[in-house]
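Thanks for coming. I will take one structure today and go through it element by element, so please have the display open.

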Amino acid sequence: MRNELRTVIAGREMKVQFGGFGMLSNAATFFSYGDTVILTNVNASEEPREGIDFFPLSVEYEERLYSVGKIPGGFVKREGRPTDKAILHGRAVDRTIRPLFPKGYRNDVQVVCTVVSVEKDNIPEILAINAASMALLLSSIPYTIPVAGVQIGLIDGKFILNPNSEERKLTELDLTVCATEEKVMMIEAGGNEIDEETMINAIEFGFNACQDIIAFQKEAQAKFGKVKDTPELYKVDEEVEKDVKAFATDMVKEAMYIMDKDERNEAMSAVNEKVFAEFAEKHEGKEGDIKEVLYTMQKAVVRHMLLKDKRRPDGRAFDEIRPLSCEVGILPRTHGTGLFTRGLTQVMTVATLGSVSEVQTLDGIDEAESKRYMHHYNFPAYSVGEVRPLRGPGRREIGHGALAERALEPLIPSMDEFPYSIRLVSEVLSSNGSTSQASVCGSTLALLDAGVPIKRPAAGIAMGLITSEDLTEEEVLTDIQGIEDFFGDMDFKVAGTEKGITSIQVDTKLKGLSNYVVKTAIRNARKARMVILDKINECIDAPREDVSAYAPKTSIIKINPDKIREVIGAGGKVINKIIEDTGVKIDIEEDGTVFVSSVDHDGVNEAIKIIEGITKEAEVGEVYLGKVTKITTFGAFVEVLPGKEGLVHISKLAKERVNKVEDVVSVGDEILVKVTEIDSQGRINLSRKDALAEKEENNE
């Protein structure tokens, strides 16, 4: 039987269909908003997975190109690996719903959101968050707290709920807020330097907007939802917990209070060895429980240190940043480099400038077909002192790269201002917390070093949170390091300029964040950002006056679009000849914009001269130095511009009477001529006599 429920959100219909399809899934829904539709299937294993210390949740966001009426490109006409955007959207769903499952739930759970229809006014990534929550609520899986997601725009000072396609082009803010009935669960934001108070108000607006969707989900669950399973939740063996705590409490506390990171890790390694050696026989086969107890003990010590002793593991104040260092130009042959160090976190970003043709082509379901500014992030094992095989970028690397890219995107100059493709690569050299925001800082340094005229420098910082078990105590931390991230409750990343915020990403391990925490994190992040920006300005306070000698030089000229075919020539003959002769790259837009780039500046100038010659039209009254190409009894044909000839009649060759053309000029001679007429058929009439007279007049 097909069940259906509808509501209206921001003036558009939201609908869920449940039952009658995907019959073997625990729950399958078609969730739609306007004509955008997500098919969501959720399933869970019958038994918990043994031997793991985490909740094995898998969220897949699958884009189908048929949803926008496209056939995939390439030779294999089917979807391949997920696009970077699809991976990011899947991560957003995961981060929103993961904390809402019961603590200790170890059953495998898979959520598959398949985009099957897309209307450009209603973006599917926001809908997927709501669809995942709805499907889980309707299933028998023990997920009982509905969560909703909305998008907020800002146009002319007014907040827009779920902006349509035209509104998204005008908005100063792209904010995603996910919330339960009580608290904010997840925030993603990109903005054009939004001030802190406006951002706080936008988040509050989004939280309130989520409530109607939550009510819709609860109504659907009450009508169609399955009876929830009673799961077997993982619990540590009580005897193991009692023994390990009695044996190791003092040792763990002593080790965790050591300020130096390396010494603290060595001390805890020694404690672990002693504990496992002590209980190797008595609690054989319970190694996972021992490990879990030790983790819980360390977490308790860190929380006591912060909440009761009011001190951080490294002795800093709660709003204090670790020591900062900035360097530029450290690699001799790259186009721009920045090295940013904050405590034991260090990121080197390298900027590479390319021609316009080197933009990234996108083959996805959204409206963008290419992008000229790219940011990539690498997190090798050596950055945390470990040994692991080097592999391609995973979800984390893609996510952190996209976050840093979003932070800087509003500051990148337009193609007209700076005609280059731009690629940034952030190499994490050392990681002890907040490498994504260190990437923002390193990228700012690299862009300035590369001579990119960004609007303003940007910096990023990660805020953390420590709460008591009963959530009555909350401490917001500035610039969290690894231990505070690992044992803490929140990773609240904020990037921006002195003017305002350009990006936010918030993750939490709790069932939501209070209004106080959100406000405090945003306001304190600004204070920290200003300190970092001062340090960046001390290192380099403006873009280099010119790009690197090893970067291509790019110039732009405009030609009449009707002349494009002449520049290209039959089968590309003309343009390929220019490229071969000058060694440049040439990109021509449909509107007649021509980008010419090469490391050789002389080559660029020569290519532009040739193109201008091909496309320039002769003008009546202008004087040209032309070459005689042909002689007849009635006059001489002279090439005044490449491929453009005119006739100098015998009567116009000289002041005096001319009996024979050959008496004055020969083929190959260069002579001054003046355009006297261009007739209706485009034929050019020239006069050497008038040109010489004008020259004499000017000399006088």
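**Strands, helices and cysteines**

Start with helix 8, residues 395-408, which lies across strand 16 and strand 17 and runs at about 140° to strand 16. Before going on, note that this is a predicted model.

Those two strands pair with each other. Strand 16 and strand 17, the latter being residues 421-430, run parallel and are joined by 6 bridges. If you want one pair to look at, take His375, whose bridge partner in strand 17 is Leu424.

Both strands belong to an open sheet of 5 strands, with mixed pairing and the order 11-12-13-17-16. Which strands stand at the edges? They are strand 11, at 324-328, and strand 16, at 373-378; each has a single partner strand, so one side of each has no neighbour in the sheet. On average, and ignoring direction, neighbouring strands of this sheet are turned by 15° against each other.

At the strand 11 end there is another helix to look at. Helix 11, residues 515-539, lies across strand 11 and strand 12 (336-342), and its direction is at about 35° to strand 11.

Now the cysteines. How many disulfides does a search of the whole structure find? The count is 0. Cys326 is in none, and the nearest cysteine sulfur to its own, that of Cys539, is 5.5 Å away. A disulfide here would need the two sulfur atoms within 2.5 Å. Cys326 counts as buried, because its relative accessibility is 14%. Why is Cys441 not bonded to Cys326? The Cys326 sulfur is the closest cysteine sulfur to that of Cys441, but at 7.2 Å it is too far for a bond. Cys441 is buried as well, with a relative accessible area of 0%.

Next, Gln481. This residue sits in the loop between strand 19 (474-478) and helix 10 (482-487). Is Gln481 buried or exposed? Its relative accessibility is 4%, so it counts as buried. Leaving out residues up to four places away in sequence, Gln481 touches Pro313, Asp314, Arg316, Arg322, Asn432 and Gly433. For a distance across the model, the C-alpha atoms of Gln481 and Asn26 are separated by 40 Å, and the two residues are 455 apart along the chain.

On the domain level, the assignment gives domain 1 (3-224), domain 2 (238-308), domain 3 (324-539), domain 4 (553-615) and domain 5 (622-698). Taken over C-alpha atoms, the centres of domain 1 and domain 4 are 47 Å apart.

Two more items, starting with helix 1. This helix covers residues 84-97, which makes 14 residues, and from first C-alpha to last it reaches 20 Å, close to the 20 Å expected at 1.5 Å a residue. Helix 1 is mostly covered, with 11 of its 14 residues buried. Among the buried ones are Ile87, His89, Arg91, Asp94 and Arg95.

The other item is strand 9, residues 173-179. Of its 7 residues, 6 are buried, so the strand is largely enclosed by the rest of the structure. Strand 9 runs antiparallel to strand 7 (residues 148-155), with 5 bridges joining them. In that pairing, Gly149 stands opposite Cys178 of strand 9. Strand 9 also pairs with strand 10, residues 184-194, in the antiparallel sense over 7 bridges. There, Leu173 has Gly191 as its bridge partner in strand 10. The connection from strand 9 to strand 10 is a hairpin through 4 residues.

Conventions
Residues numbered from 1 in each chain as written. Predicted model: local features only at pLDDT ≥ 70, side-chain atom pairs only at ≥ 80, totals over all residues. Heavy atoms only, no water. Expected span 1.5 Å × (residues − 1). Buried < 20%, exposed > 50% of the residue type's maximum accessible area, 1.4 Å probe, protein only. Contact = heavy atoms within 4.5 Å. Pairing = 2+ DSSP bridges. Domains from an automatic or database assignment. Axes fitted to C-alpha atoms, helices over the stretch in contact; angles between N-to-C directions.
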